[in-house]
Amino acid sequence: MKNLERVYKMSFAGVYPMYIQKAEKKGRTKEEVDQIIFWLTGYDEKSLKEQLDNKTNFEDFFGQAPEINPNAHKITGVICGYRVEEIEDKLMQQVRYLDKLIDELAKGKAMEKILRT
């Protein structure tokens, strides 16, 4: 994967509104986007807001995450031309997990399915 460094240094706060926009365009909500982020990373409303206010980059956003969900490995499929379950770089895999979950939300999948419950 090229441009790993570029992705890692991208501000999560810069991409977050795009996640929301993508979801809302398909009739989903910011709350659902947040619920996905909370599920995947262990952040809560307060700690997510701190990360956004601090303009934390992706590397630190995932590095400081309270707990990556133990069921994250159940996220499979293709995003940006890569199978998420085959991405060897842990951080890039976590970034793509989030992309994949937001994608599923925008495609109308039920929250229980998205959150692998």
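## A first walk through the predicted model

Let us start with Ile114, which sits in helix H7. Helices here are DSSP runs of H or I with at least four residues, strands are E runs of at least two, and both are numbered from the N terminus. The structure is a predicted model, where local features need pLDDT of at least 70, side-chain atom pairs count only at pLDDT 80 or more, and totals for chains, interfaces and linings use all residues. Residues are numbered from 1 along each chain as its sequence is written, and side-chain values use heavy atoms, with hydrogens and water left out.

Is Ile114 buried or exposed? With a relative accessibility of 0%, Ile114 counts as buried; the word means under 20% relative accessible area, while exposed means over 50% and partly exposed lies in between (1.4 Å probe, protein chains only). Setting aside neighbours within four places in sequence, Ile114 is in contact with Ile36, Leu101, Glu104, Leu105 and Lys109, contact being heavy atoms within 4.5 Å. From C-alpha to C-alpha, Ile114 and Glu104 are 6.6 Å apart, although 10 residues separate them in sequence.

### The whole chain

Now for the wider view. The protein chain has seven helices and two strands, in the order α-α-α-α-α-β-β-α-α along the sequence. Its C-alpha trace spans about 30 × 30 × 25 Å along the principal axes. The radius of gyration of the protein chain is 13 Å, which agrees with the value near 13 Å for a compact globule of 117 residues. That radius is taken over C-alpha atoms, and the globule rule is 2.2 Å times the number of residues to the power 0.38.

Of the 117 residues, 48% count as buried. Among contacts in the protein chain with a separation of 6 or more, 65% come from residues 24 or more positions apart. The chain exposes about 6,500 Å², and carbon and sulfur atoms supply 50% of that area, as found by the Shrake-Rupley method with a 1.4 Å probe.

### Helix H4 and its cover

Which residues of helix H4 are buried? In this helix, residues 45–53, they are Ser47, Leu48, Gln51 and Leu52. These four cover an arc of only 140 degrees around the axis, so they lie on the same side of H4; the arc is that of the directions from the helix axis to the C-beta atoms. The face turned away from this buried side carries the exposed residues Glu45 and Lys46. Helix H2 (12–25), helix H3 (30–41) and helix H5 (58–63) are included in what covers the buried residues of H4.

### Three more residues to find

Most residues other than glycine have a negative phi. Lys55 has a positive phi near 50 degrees and is not a glycine; Arg116, also not a glycine, has a positive phi of about 50 degrees. The table sets out where these two residues are, together with Asp99.

| Residue | Place | Relative accessibility |
|---|---|---|
| Lys55 | loop between H4 and H5 | 58%, exposed |
| Asp99 | helix H6 (residues 90–106) | 14%, buried |
| Arg116 | segment after helix H7 (111–114) | 14%, buried |

What is Asp99 in contact with, leaving aside its neighbours within four places in sequence? Its partners are Tyr19 and Ile79.
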